[in-house]
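Hi,

Here is the structure I said I would pass on. Have a look at it first, and then read my notes underneath.

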Amino acid sequence: MLDRVPARNGRIGSQLSDDGTVRLIVKNDGLFKNFLRRFTHIPVPEVTTIDLDLYGSFVWGAIDGRKAIGEIGALMKDEFGAEVEPLYERLCWYVKILRNNGFVDLLRQREA
């Protein structure tokens, strides 16, 4: 897993908050959501925002489609030290959550 390379989904926007954290901006524009908006009384917002914490913001900023998860972990260790331990277990879990929600894709393992 540490050799996999996460790449951001181009449909997910982001903006930097004043406190240095990241806010993800997800457009709610699927066929089903458009149907709900048009034909029901169920309120469906145009966009959903997700505020990341300090660590999540750091990871989001490091995801560039070139760095492997292991490299992102090394950067986190340099930045935050022992406060992010157990680092690689937490980082892999977080990247899986990002992938499962469609925020990132995991590219093939990098070749040695």
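Below is what turned up when I went through it, element by element.

One thing to keep in mind: this is a predicted model.

Let's start with helix H2, which covers residues 54–62. Its buried residues are Gly56, Ser57, Val59, Trp60 and Ala62. Quite a few elements help to cover them: the strands E1 (5–8), E2 (12–16), E3 (22–27) and E5 (104–107), along with the helices H3 (69–80) and H4 (87–100), are among what lies over those residues. At the N-terminal end of H2, Asp53 acts as the cap, with a side-chain oxygen 3.3 Å from the backbone nitrogen of Tyr55.

Next, the core. In soluble globular proteins, nonpolar side chains tend to be buried together. Here the largest nonpolar core has 22 residues, and Leu24, Trp60, Met76, Leu91 and Phe103 are the ones that touch the most other members. E3, H2, H3, H4 and E5 each give two or more residues to this core, and H4 has the largest share with five. If you want one residue to click on, try Leu91: leaving out residues up to four places away in sequence, Leu91 touches Val59, Ile69, Ile72, Gly73 and Met76.

Leu91 also turns up in the lining of the largest pocket, together with Asp53, Tyr55, Gly56, Val59, Met76, Val84, Leu87, Arg90 and Tyr94. The volume of this pocket is about 190 Å³. H2 and H4 each supply at least two lining residues, and the largest share, four residues, comes from H4.

Now for the strands. E2 and E3 pair in the antiparallel sense, over five bridges; in one of the pairings, Ile12 has Val26 in E3 as its bridge partner. The hairpin they form has five residues between the strands, and Gly20 takes a positive phi there, near 90 degrees.

Two spots in the loops are worth a look as well. Pro86 sits in the loop between H3 and H4, and the peptide bond leading to it from Glu85 is cis, with omega near -5 degrees. Glu46 is in the loop between helix H1 (31–39) and strand E4 (47–51). Is Glu46 buried or exposed? Its relative accessible area is 54%, so Glu46 counts as exposed, the cut-off being over 50%. Glu46 and Asp29 are 17 residues apart in sequence, and their C-alpha atoms are 7.2 Å apart in space.

Cheers

Note on methods: Residues are numbered from 1 along each chain as its sequence is written. This is a predicted model: local features need pLDDT of at least 70, side-chain atom pairs count only at pLDDT 80 or more; totals for chains, interfaces and linings use all residues. Side-chain values use heavy atoms; hydrogens and water are left out. Buried means under 20% relative accessible area, exposed over 50%, partly exposed in between (1.4 Å probe, protein chains only). Contact means heavy atoms within 4.5 Å. A polar contact is a pair of N or O atoms within 3.5 Å; within protein, one must be able to donate a hydrogen and the other to accept it, and residues adjacent in sequence count only if both atoms are side-chain atoms. Two strands pair if DSSP finds at least two bridges between them. A nonpolar core is a set of buried Ala, Val, Leu, Ile, Met, Phe, Trp, Tyr and Cys residues joined through side-chain atoms within 4.5 Å. On a 1 Å grid over the protein atoms alone, a cavity is a set of points where a 1.4 Å probe fits but cannot get out, and a pocket is an open set with protein on both sides within 12 Å along at least five of seven lines; lining residues have an atom within 4 Å of a point. Grid points are joined across faces, edges and corners, and a volume is the space filled by probe spheres set on the points.
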